[in-house]
Amino acid sequence: MTQSDSPENKVNYRIIFILTLIHFTGDFYSSFFTPLLPAFVDKLGLTLAQVGLITGMVRLLAFIVQPVTGYLADRYETRSFVFAGLFFAFFFIPFSGIAPNFWILLIILCLGSIGSSMFHPSTTGMVPLYSGHRTGFSLSIFNTGGTLAFAVGPVFVTWYVTCFGLEQMPYTIIIGAIAFFFCIKYLPAPVSENLSQLGFIGSIKDTLGKVYKPIFLIWLTMVLRAVTGQTFMTFMPIYLTDKGHDLVSVGVIFSIFIMAGTFSGLLAGYLADRTDIKKIFFISHALMAPALLLYLYLPGPFVYLGSFLAGFAALASLPLGVLMAQKLAPKSRSMVSSIMMGLAYGLGGALSPFIGKLADIYGLENVLFYSAFIPIVSLLPILKFPRVK
């Protein structure tokens, strides 16, 4: 038996599939909000600043909750974080359709965000345990669960609301409940990193003390990517609606953006197992600005092509930040995963109220145009990344 054929180097695709299903289910419901923004704006009379506030609060909760959950997931061998989080996501978010005002809508979506933030670190931290020597590709498969959910979810929910109305959204809970009970039956308990005796500060020093500089650079890059990505994902549906696209078309365009990221994420993960991760990071971030500008300005039906190119470039590096951080800090898989996802993604999205206010003042198109150039700034920290095999 060769080393590559040994059991510890083989991918347990059954567990990877279950983890991916959890990721898909939670993010499927999380994807409902953005493509329905025009409907919420119309029903509740929301301003762009209020849209930004909701988005910012949802992302801010990810910023706060994910690192804490990631730390606890590395300490305790429990499935509670996974299933409590998944339940919050699929149970609360559908009730946004019957929210009578801005504040109730905000509370419902924040509860759903807390749930999403709880299951992400635990499940991401479990992937390397079952990925053998294909960690990059396995993380990409796991990440595909999320990106595919954000591709399918908008098409489903815009079709559903168009056919049945916002008030019927609570019935979509049935889909999540089926996946929830299936995963309860088959998901094994996580394996902790035995950091319980170190405490929060002690565990950070033990796992990140020698690699905090490259971890910070990776995190900074993921924040800059998140600012641009969240700006386009939040406000492009409203921009497209203003340009004359109906709700279903907006859902399809949004889904194409995410589906393209599914393909590029898989490709990036596959290449990461075979070449320098730093090169893939640099290329994907260098392509983001021109791709996003094409998305913004391609006329008529060409917007579908622009959406694909933008999503392909903007979402390619999503699994790479987690992969590189886990390789640098293997004893704290869940915590560093939460840093790259919740802490970066949440902080990037938490700026949405500010972005929304700028859009109210200077115009949405101008804000989207200048946001497209933010990824160019991220090329500087990428150049200082370590080379990780």
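Select Gly145 to begin: leaving out residues up to four places away in sequence, Gly145 touches Thr20, His23 and Phe24, where contact means heavy atoms within 4.5 Å. This is a predicted model, in which local features need pLDDT of at least 70 and side-chain atom pairs count only at pLDDT 80 or more, whereas totals for chains, interfaces and linings use all residues. Residues are numbered from 1 along each chain as its sequence is written, and side-chain values use heavy atoms, with hydrogens and water left out.

**Helix 6**

Gly145 is found in helix 6, residues 135-164; helices (H or I, at least four residues) and strands (E, at least two) are DSSP runs, numbered from the N terminus. With 3% relative accessibility, Gly145 counts as buried, a word that here means under 20% relative accessible area, with exposed meaning over 50% and partly exposed in between (1.4 Å probe, protein chains only). If you add Pro35 to the selection, the C-alpha to C-alpha distance from Gly145 comes to 19 Å, for a separation of 110 residues in sequence.

Staying on helix 6, select Val161, which is buried at 10% relative accessibility. Its contacts, not counting residues up to four places away in sequence, are Leu36, Leu166 and Met169. A distance drawn between the C-alpha atoms of Val161 and Tyr304 should read 22 Å, the two being 143 residues apart in sequence.

**The loop between helices 4 and 5**

Met169 also leads to the next stop, since it is among the contacts of Ser96, together with Phe40, Leu105, Ile108 and Leu109, once neighbours within four places in sequence are left aside. Ser96 sits in the loop between helix 4 (80-92) and helix 5 (102-126). Is Ser96 buried or exposed? At 3% relative accessibility, Ser96 counts as buried.

**The nonpolar core**

Now select Ile54, whose contacts beyond four places in sequence are Phe33, Leu46, Phe102, Leu105, Leu106 and Leu109. Ile54 is one of the residues with the most contacts inside the largest nonpolar core, the others being Phe257, Tyr295 and Met340, and this core has 112 residues. A nonpolar core is a set of buried Ala, Val, Leu, Ile, Met, Phe, Trp, Tyr and Cys residues joined through side-chain atoms within 4.5 Å. The largest share of this core, 14 residues, comes from helix 9, which you can select as residues 212-242.

**Helices 10 and 11**

Move on to Thr262 in helix 10, residues 247-272, a residue that counts as buried at 4% relative accessibility. Leaving aside neighbours within four places in sequence, Thr262 is in contact with Thr144, Thr147 and Leu148.

In helix 11, select Ser284, which is buried with a relative accessible area of 7%. The contacts of Ser284, again leaving aside neighbours within four places in sequence, are Ala313, Ala316 and Ser317. From Ser284 to Tyr297, 13 residues away in sequence, the C-alpha to C-alpha distance is 20 Å.

**Helix 17**

Next, select residues 374-383, which make up helix 17, and look for its buried residues Pro375, Ser378, Leu379, Pro381 and Ile382. What covers these buried residues? The cover includes helix 9, helix 11 (277-297) and helix 16 (364-371).

Within helix 17, Pro381 has 9% relative accessibility and counts as buried. Pro381 touches Leu217, Leu220 and Thr221, not counting residues up to four places away in sequence. The C-alpha atoms of Pro381 and Ile218 are separated by 7.5 Å, although their positions lie 163 residues apart along the chain.

**The whole chain**

Finally, clear the selection and view the chain as a whole, whose secondary structure comes to 17 helices and 0 strands. The radius of gyration of the chain is 20 Å, close to the 21 Å that the globule rule gives for 389 residues, so the chain is as compact as a globular protein of that length; the radius is taken over C-alpha atoms, and the rule is 2.2 Å times the number of residues to the power 0.38. Along the principal axes, the C-alpha atoms fill a box of roughly 60 × 45 × 40 Å. Of the 389 residues, 59% count as buried, and residues 24 or more positions apart account for 87% of the contacts with a separation of 6 or more.
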